[in-house]
Amino acid sequence: MSVYGGDSWAREAQHRKRKVDDLMIEGVDSSIYKKLSSGNFACLVCPTNPVLDSPTMLSTHVSGSRHQAAELRRKNRDLAKQEEVKKRLALSDCVTAKAPANTAAKQLKSTSEPLIEQARKAVLDVISGKVALPEVKPTAANLGRPCVGDNGSNAEPVGVEAKLKGVVREVQPLNYRLHQERELKFTAAGWKRDCHGRWFKDENVEFDSDEEDPNIVLNEST
Amino acid sequence: MYLYSLTLQQSTGILCAINGSFSGGKSQEIAVARGKVLELLRPDDNGKLQSLLSVEIFGAIRSLAQFRLTGAQKDYLVVGSDSGRIVILEYNKEKNTLDKVHQETFGKSGCRRIVPGQYLAIDPKGRAVMIGACEKQKLVYVLNRDTAARLTISSPLEAHKSHTIVYSICGVDCGFDNPIFAAIELDYSEADQDPTGQAASEAQKHLTFYELDLGLNHVSRKWSEQVDNGANMLVTVPGGGDGPSGVLVCAENFVIYKNQGHPDVRAVIPRREDLPAERGVLIVSAAMHKQKSMFFFLLQTEYGDIFKVTLDHDNDRVKELKIKYFDTIPVSSSLCVLKSGFLFAASEFGNHSLYQFQAIGDDPDVEASSATLMETEEGFQPVFFQPRKLKNLVRIDQIESLMPIMDMKVSNLFEEETPQIFSLCGRGPRSSLRILRPGLAISEMAVSQLPGVPSAVWTVKKNANDEFDAYIVVSFANATLVLSIGETVEEVSDSGFLDTTPSLAVSLIGDDSLMQVHPGGIRHIREDGRINEWRTPGKRTIVKVGSNRNQVVIALSGGELIYFEVDMTGQLMELAKHEMSGDIACLDIAPVPEGRQRSRFLAVGSYDNTIRILSLDPDDTMDILSLQSVSSPPESLLFLEVQASLGGEDGADHPANLFLNAGLQNGVLYRTVVDMVTGTLSDARSRFLGLRAPKLFSIVVRGRQAMLCLSSRPWLGYIHQGHFLLTPLSYETLEYAASFSSDQCAEGVVAVAGDALRVFTIERLGESFNETAIPLRYTPRKFVVHPKRKLLLMIESDQGAFTAEEREAAKKESFEAAGMGENGNADQMENGDDEENNNPLTDEQYGYPKAESGRWVSCIRVLDPRTTQTTCLLELQDNEAAFSMCTVNFHDKEYGTLLAVGTAKGLQFWPKRSFEAGYIHIYRFKEDGKVLELLHKTQVEGVPLALAQFQGRLLAGIGPVLRLYDLGKRRLLRKCENKLFPNSITSIQTYRDRIYVGDMQESFHYCKYRRDENQLYIFADDTVPRWLTAAQHVDFDTMAGADKFGNVYFVRLPQDVSDEIEEDPTGGKIKWEQGKLNGAPNKVEEIVQFHVGDVVTCLQKASLIPGGGECLIYGTTMGSLGAFLPFTSRDDVDFFSHLEMHLRQEYPPLCGRDHMAYRSSYFPVKDVIDGDLCEQFPTLPMDMQRKIADELDRTPGEIMKKLEEIRNKII
């Protein structure tokens, strides 16, 4: 207590109280309750979502039998869900990935965020060149130049490259990435696409006078 | 996250200063308020200002006053602070502390307009004190003595008047009549009622006298009279026989003498000739000097000119008021005239100065007088003058001030051991770039080349009672050189020292004989010139020596120790031999304790990584008292004795202690306490000093023993205000050193490095940084470091000033005019004008000529910090001023690194914020980055206050718009924008694809740029409307910020929210998520909160020690630097939070502000431990230290060790 009177002891007391509260809550897993704007706590586990006034009450509630039972139920449910996710993931992996050797290891990691993990994996595969993407190429080309006739142009560059280098398969994935990167560059520079896939300038964006036109550039490159 | 907050450099600015005799007697001290620090300064005999005491009060000091009870010899200090209490302090000379005599609560805490504390006035006879608020409230306390002659204070008497604003108060000297206080007041009650504004425009200031009736114990309004509406300050005029009594009212352009029942005596303040007609002249600081027969005032104007004001009076009637030009010094916040003939000027911005009076302005000079005041139709006739060089004052010392720090960066541009802090400081013509390096400043007295490369150096006195050293002895690989110290230092050959051999030690032994130890033996030179030589047995040589005044121990090769002692006749007698197990690495003998014949302890370091303490007592000679093993072989040993102290000039209450210091070969300094009785070692501390094994030397600093450690850089261990400090010196690597004392240099150090002998002194003890200042042209705003070339690029701007060319032209013109004046009237210009023409008045001292407030000047500077040369300076034209800058590297554009500068044209803040245009300039670097060339300039629709590079493009915050630009041929090309920011963007930081935007009034907004959509999304913001002044990116989810109320806080995006945002593969969520009430969909959490008590202007994440953890460094407007260090262990957090808690309870702050309330002034403090409070632990009385230590289950020594450790982690 302050020697000089004033209101400082109250503050200290409040501080101590808060400290105690913090300590009470520390042991409780933060995912099972929610702090309400009123300062009360709502239990997220029990089906009735009871609202408790203080951290002390919350901790008592958490150790209570009804809550424990509800928690157990929830855990079981979560486990079942995870199982399901794993199963589906394993299935989807079988379809997309061609290297099933390390799927088991990946599955372990990917339990929490399956989607992002999957996306990451796909990117990794593309970058490392594991996927040759023979089936993706025509679609990408289609996107790039939808206005040009499909048959001739599709075959032509491949043919040229084949003539020049003799190796088609190895160049292809890189080409695809470059292509995508270029497209991104154009979107970032303010180009947009209409419903026909044609590029046009966003009216809110400024362009240099000699700016490259993606309609031309992307066509030429592929 | 838990943080430890520590101030690295206390505030350097001064808000107010007063002088008085606080220690009693004749000596005078200056008490200065540096925001939250109260400091006592005193000029020493050499005219250097020394800091006696500095106390952190954990509150804001708003006003200071001193008073003296009638007949007393000592002044008391009254402090008005934000604690809602009046505090009277007394300086305790013996303990060197400020003791709280009284503390009376009168109101709420905090700086509120209605709670007193802003103004303090003292009855000149010391009978009462008035404490006033800005508005309404004024309280008067009666001061008296009780029967035991102790100071008593009454309950407060109210002198309130509602609906009044107070501008200034002062005591009126009316002898021993009832005390009277004067106040400048403005009644706004009518103006408040009148919606038309007519009453407001007619509101009139009044001078009011309040009388304290000591008989009735009541305060009454005695007299009130109109004064000029420009009145801003009151100065007490001596009365009661010494003068006419009454007050001087300082108003715009005038000084008016006023008293009850006395007609006004008015004189005009002379104005500078180049001042625009619409600008008035205001007095900003005043000092009164009173001697037995006369008194005068020194008033300083807002332009820095000091005027001497004298009153010609006949008893109570004032006949004439004269204002004479005195001198010009930088604008100060307070002036203090000391009785010893010094003037202390606490500068508003820039370094504070101590001047000595050469004259008191008796020579003729420009003078305005009430007798010659002419009133014409256009008003009073002004008097003009031209500032000149200092005539009456001469500057003898200055204290560095960083106030205000505008921007700061920590970087190791010079590739030294520790990084340097580059800070932009000051304002207008006094602005500077200061390079701060951790360490003490030294001043080099002499450097002389020697004929070879010396290995060691010593200094010796001829007699123990001599004040100064007689010889400097330098040892080379195979010779010894003896230099005698006199008027000059010269080589001598008659000293008796053997010069054909290297020396191992040279010292005074006994009272008056000298000893030289060389590998072949000991040479003992008696006072009468007799020489005794002791030779080593056989072919063995001496390898190490330890000695004090009476004892010598030598170590022979092979590990034999031989102990000698000086006997009654002054002979050196061999007393004992001892064979050690192996070779000896180093030796030292403790100094002879006061009143004893010999010291008991010999420390021996061996190559087997041990240090042994051996006894030298006759009954147990060479017994091993204790043994300590260390991490690496010791290289050097030193006993350091700390005398018992009960406080006093420079120390706190502590018993005598003996410390053993050891420099280990791995560069660590190892320090333990030696028990004075048993010789056991305890309380070991170690600290890494550098890459070389530290060599330890005992030197004298401020009359006390201190330790110099020479590792890869020199360090000094000394005691300052009760703390043992170990700080690096800013000097090159030294080989060997010794203390040096001569006529010219009382406390110096002589050292050898390379083939040179160096003599230097150590300055400004107690400071943790030394600085190199580079002057700048205008107020610096921001700077960036050129990433590759290591150049500093900075922008400077000032409002209401002329450009350099205009100034040059005006200067030339005025000098020409002055020249013509000289031809016409030679009498007036008596001092050589030619000289003045050659070095025109420095802007640093005289300030820039003033222009209209709408005019801006600004420049962009490229500065090479290594050479301190400006390689390029571009002055902006057309009333444009720069506000933001960054370097940017546009992707696939040919120019490489470019500089982007955001400017505004014709910016005005009053009556409404407006501007003509905003621009972003793009400059390219030429000639190795040394020169800038404008590429193009793009007009934008707001003021660009923030710029940053982002993914090879430029992000600009233009008013409330965040915009992404790409580089075009003729201009910048707008690529993408987001207009949803609330006020004005002041900071932009980026990390990967996230953008952290700081809004001027609404804290942080987290944004994300999506390349595939070319869109900027705000996905999270803060819930608290913070007025942001500084921002720093801490990690992917965390930002640190500072607001303008002096809080530092950290916000963090909750982990789950962050994950959710990152894993949004379709991108739909971020696009369609909506927040409530126009806010962002997610909110950041505040994880740390701390009130620094000073506006933080810059934050940076950096490490100040090599290999240390990163901490957050901040700089403030008051010119202080601090750091937040994250704790790495839970135990430390527990320990320090408990220590903080105990200190809060046991040692409440001096000025009555509750510590916890202060640190929680705006938001409750969260997860920050106040290191400044914890570091007050060593200054507590011993019993309280023990009590706290007991409660923490530790010893006081352990607590201090902890404090030292954590400080060493930061700096």
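Over residues 858-1177 of chain B, the chain is 12% helix and 49% strand, and the C-alpha atoms at the two ends of this stretch are 48 Å apart. The model you are looking at is predicted. In UniProt, an unreviewed entry lists these residues, 858-1177 of chain B, as "domain: RSE1/DDB1/CPSF1 C-terminal".

Let's look at one sheet in chain B. Four strands come together as an open sheet in the order 86-87-88-90, with antiparallel pairing. At its edges you will find strand 86 (1028-1035) and strand 90 (1085-1091) of chain B, each of which pairs on one side only. From one strand to the next, the twist averages 20°. For a closer view, follow strand 87 (residues 1038-1043) and strand 88 (residues 1047-1052) of chain B, which run antiparallel and are joined by 5 bridges. To find your place in this pair, start at B:Met1039, whose bridge partner in strand 88 is B:Val1051.

Now step back to the chain as a whole. Chain B has 12 helices and 94 strands. Its C-alpha atoms fill a box of roughly 110 × 90 × 70 Å along the principal axes. How does its radius of gyration agree with that of a compact globule? For 1211 residues, a compact globule would have a radius of gyration near 33 Å, and chain B agrees with this because its value is 34 Å. Of the 1211 residues in chain B, 58% are buried. Among the contacts with a separation of 6 or more, 55% are between residues 24 or more positions apart in chain B.

With that in mind, go inside. The largest nonpolar core has 48 residues, and those with the most contacts inside it are B:Val474, B:Phe497, B:Leu708, B:Leu716, B:Phe760 and B:Ile762. Strand 67 (residues 748-753) of chain B gives the most to this core, contributing 5 residues. B:Val474 is a good place to pause: leaving aside residues up to four places away in sequence, its contacts include B:Leu450, B:Pro454, B:Leu483 and B:Leu757. There is also a second, separate core of 44 residues, and B:Trp223, B:Val265, B:Leu275 and B:Tyr325 are included in it.

The loops have some backbone details to visit too. Two of them hold a proline that follows a cis peptide bond. The bond from B:Met403 to B:Pro404 is cis, with omega near -15°, and B:Pro404 sits in the loop between strand 35 (393-399) and strand 36 (405-411) of chain B. Another cis peptide bond joins B:Trp910 and B:Pro911, with omega about 0°. You can find B:Pro911 in the loop between strand 75 (897-905) and strand 76 (917-926) of chain B.

Finally, consider positive phi values. B:Phe58 is a residue other than glycine, yet its phi is positive, near 55°. This residue lies in the loop between strand 5 (49-56) and strand 6 (61-67) of chain B. Is B:Phe58 buried or exposed? B:Phe58 counts as buried because its relative accessibility is 1%, and the cut-off for buried is under 20%. B:Asp1193, which is not a glycine either, has a positive phi of about 60°. Its place is the loop between helix 11 (1182-1191) and helix 12 (1196-1210) of chain B. With 70% relative accessibility, B:Asp1193 counts as exposed.

Notes: Residues numbered from 1 in each chain as written. Chains lettered and ligands numbered in written order. Predicted model: local features only at pLDDT ≥ 70, side-chain atom pairs only at ≥ 80, totals over all residues. Heavy atoms only, no water. Pairing = 2+ DSSP bridges. Axes fitted to C-alpha atoms, helices over the stretch in contact; angles between N-to-C directions. UniProt positions renumbered as here; feature names shortened; annotations may be inferred. Buried < 20%, exposed > 50% of the residue type's maximum accessible area, 1.4 Å probe, protein only. Core = buried A, V, L, I, M, F, W, Y, C linked by side-chain atoms within 4.5 Å. Contact = heavy atoms within 4.5 Å. Rg over C-alpha atoms; globule rule 2.2 N^0.38 Å.
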